[in-house]
Amino acid sequence: MNTVVINGMSITAGRNIRIVGNKVFVDGKDVTPDAKDIRIEITGSVDRLEADACNSISVTGDAGNVSTQSGDVSVGGGVGGSVQTMSGDVDCGGSIGGSVSTMSGDVRHRR
């Protein structure tokens with residue numbers, strides 16, 4: 001079972017996370033925080049994470065696909081699919097099955 005922390009609020013579960021506009025959805029449930037600054041920390045793995053915009057995304061385990069228009073992305077484990085950010089840094093600690101792309105930022109792959 002995963003633990004998802006959004007701006008300090010812990011949610012147990014969370015295989016699919018979407019941020020659309022100003023709304024945050026975890027497994028289809030609206031868990032939108034009051035603050036405009038959105039920071040997502042996942043202890044465990046996630047299948048899919050999509051964000052229009054956030055400050056940062058951190059996954060300690062593996063990730064299937066991660067996509068955000070702006071914000072830094074850090075994955076401690078491997079990525080089975082792709083990681084995309086338009087504006088932000090990407091840091092991955094394991095193997096990458098797909099591609100990694102950023103238009104404005106750095107890509108770092110640790111082995």
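Which residue in E5 is the bridge partner of Val26? I looked this up before anything else, and the residue is Lys29. I note here that the model is predicted.

**Entry: the sheet**

I followed the strand pairing outward from that bridge. Strand E4 covers residues 23-26, and 2 bridges join E4 to E5 in an antiparallel run. I then listed the whole sheet, which is open and has 7 strands in the order E5-E4-E3-E7-E9-E11-E13. Its pairing is mixed. The edges are E5 (29-30) and E13; each has a single partner strand, so one side of each is left without a neighbour in the sheet.

I checked two of the parallel pairings. Strand E7 (residues 46-51) pairs with strand E9 (residues 63-70) in the parallel sense, over 5 bridges. I find Leu49 opposite Val66 of E9. E9 also pairs with E11 in the parallel sense, here over 4 bridges. For Ser70 I looked up the bridge partner in E11, and this is Ser87.

**Entry: Thr85**

I picked Thr85 in strand E11, which spans residues 83-87. Is Thr85 buried or exposed? Its relative accessible area is 4%, so I recorded Thr85 as buried, the cut-off for that class being under 20%. Leaving out residues up to four places away in sequence, I listed the contacts of Thr85 as Thr68, Gln69, Ser70, Gly71, Val90, Ser101, Thr102 and Met103. Ser70 in that list is the residue I had already matched with Ser87.

**Entry: Ser95**

I next took a loop residue. Ser95 lies in the loop between strand E12 (90-92) and strand E13 (100-104). The relative accessibility of Ser95 is 55%, so I entered Ser95 as exposed, given that this class begins over 50%. With residues up to four places away in sequence left out, Ser95 touches Gly78, Val79 and His109. I also took the C-alpha to C-alpha distance from Ser95 to Arg48: 17 Å in space, with their positions 47 residues apart in sequence.

**Entry: the nonpolar core**

Which residues of the largest nonpolar core touch the most other members? I found Ile6, Ile17, Ile40, Ile42 and Ile57, out of 25 residues in that core. E7 gives the largest share of the core, 3 residues. As background, nonpolar side chains tend to be buried together in soluble globular proteins.

I looked further at Ile6. Not counting residues up to four places away in sequence, Ile6 touches Ile11, Val24, Val26, Val31, Pro33, Ile38, Arg39 and Ile40. Val26 in this list is the residue that bridges to Lys29.

**Entry: cysteines**

How many disulfides are there? I count 0. Cys54 is in no disulfide, and the nearest cysteine sulfur to that of Cys54 belongs to Cys92, 16 Å away. A disulfide would need the two sulfur atoms within 2.5 Å. Cys92 is likewise in no disulfide. I also checked burial: Cys54 has a relative accessibility of 8% and counts as buried, and Cys92 at 3% counts as buried too.

**Entry: salt bridges**

I count 4 salt bridges in the structure. Side chains of opposite charge can pair when their charged atoms come close.

The side chains of Arg18 and Glu50 form one of them, at 3.7 Å from N to O. This pair links distant parts of the chain, with Arg18 in strand E3 (residues 16-20), Glu50 in strand E7, and their positions 32 residues apart. I entered Arg18 as partly exposed at 43% relative accessibility and Glu50 as partly exposed at 23%.

Lys23 and Asp30 form a salt bridge, their closest N and O atoms being 3.7 Å apart. I have Lys23 as partly exposed at 41% and Asp30 as partly exposed at 38%.

Arg108 and Asp91 meet in a salt bridge at 3.8 Å, N to O. Arg108 is in strand E14 (residues 107-109) and Asp91 is in strand E12, 17 residues apart, so I logged this pair too as linking distant parts of the chain. Asp91 has a relative accessible area of 19% and is buried, the limit being under 20%.

Which residues are joined into one network by salt bridges that share partners? I found Arg18, Arg48 and Glu50.

How values were computed:
Residues numbered from 1 in each chain as written. Predicted model: local features only at pLDDT ≥ 70, side-chain atom pairs only at ≥ 80, totals over all residues. Heavy atoms only, no water. Buried < 20%, exposed > 50% of the residue type's maximum accessible area, 1.4 Å probe, protein only. Contact = heavy atoms within 4.5 Å. Pairing = 2+ DSSP bridges. Core = buried A, V, L, I, M, F, W, Y, C linked by side-chain atoms within 4.5 Å.
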